[in-house]
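Visitor: Could you take me through the aromatic pairing here, up close, and then show me what else is worth a look around it?

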Amino acid sequence: MKEYKVKNMRFVLFKYIGAIRSVLYKRKFKYIGGGGYIAKPLLVTGAESITVGDKVRIMPGMRIEAINGQIDIGNDVSIAQNFHIASGG
């Protein structure tokens with residue numbers, strides 16, 4: 001039972017840190033909605049051309065590149081670990 005509480009506490013901490021990271025990214029990204037979280041990314045290029053909707057959960061290892069293009073992630077989206085998405089115009 002004690003081990004379960006420790007694992008659950010780690011998950012809750014992960015979510016809170018991700019929520020704080022989302023708030024900090026609001027300054028860089030074109031738009032980030034509320035109620036979601038973003039785990040530690042590997043690479044973000046062209047953040048000013050990226051929009052992220054409400055209640056979006058992005059797991060660790062994000063690599064997202066908007067090079068002469070735009071990326072729109074809608075509402076209520078969950079993206080698994082180690083994904084790469086790119087957009088070029």
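Guide: Searching the whole structure, which is a predicted model, turns up one aromatic pair. The partners are Tyr25 and Phe29, with ring centres 5.5 Å apart and planes at 50°, so this pair goes down as tilted. The label follows from the angle, because planes under 30 degrees apart would count as stacked and those over 60 as edge-to-face. As for cover, Tyr25 and Phe29 are both buried.

Now for an aromatic residue on the outside. Tyr16 sits in helix 1, which spans residues 2-25. Its relative accessibility is 55%, so Tyr16 counts as exposed; the bar for that is over 50%. Tyr16 also belongs to a nonpolar surface patch together with Phe11 and Val12, and the three of them share about 300 Å² of accessible area.

One more stop, this time in a strand. Ser87 lies in strand 9, residues 84-88. Is Ser87 buried or exposed? With 19% relative accessibility, Ser87 counts as buried, since the cut-off is under 20%. Its side chain comes to 3.3 Å from the backbone oxygen of Gln70. Gln70 turns up again in the contact list: setting aside neighbours within four places in sequence, Ser87 touches Glu65, Ala66, Ile67, Gly69, Gln70 and Ile71.

So, to pull the cover story together: Tyr25 and Phe29 are buried, Ser87 counts as buried at 19%, and Tyr16 counts as exposed at 55%.

Terms used. Residues numbered from 1 in each chain as written. Predicted model: local features only at pLDDT ≥ 70, side-chain atom pairs only at ≥ 80, totals over all residues. Heavy atoms only, no water. Patch = residues over 30% accessible without salt bridge, like charges linked within 9 Å, V, L, I, M, F, W, Y side chains within 5 Å. Areas by Shrake-Rupley, 256 points an atom, 1.4 Å probe, with all protein chains shown as cover. Salt bridge = Lys/Arg side-chain N within 4 Å of Asp/Glu carboxyl O. Helix = DSSP H or I, 4+ residues; strand = E, 2+ residues; numbered from the N terminus. Buried < 20%, exposed > 50% of the residue type's maximum accessible area, 1.4 Å probe, protein only. Polar contact = N/O pair within 3.5 Å; in protein donor to acceptor, adjacent residues only side chain to side chain. Contact = heavy atoms within 4.5 Å. Phe/Tyr/Trp six-rings, centres within 6.5 Å; stacked < 30°, edge-to-face > 60°.
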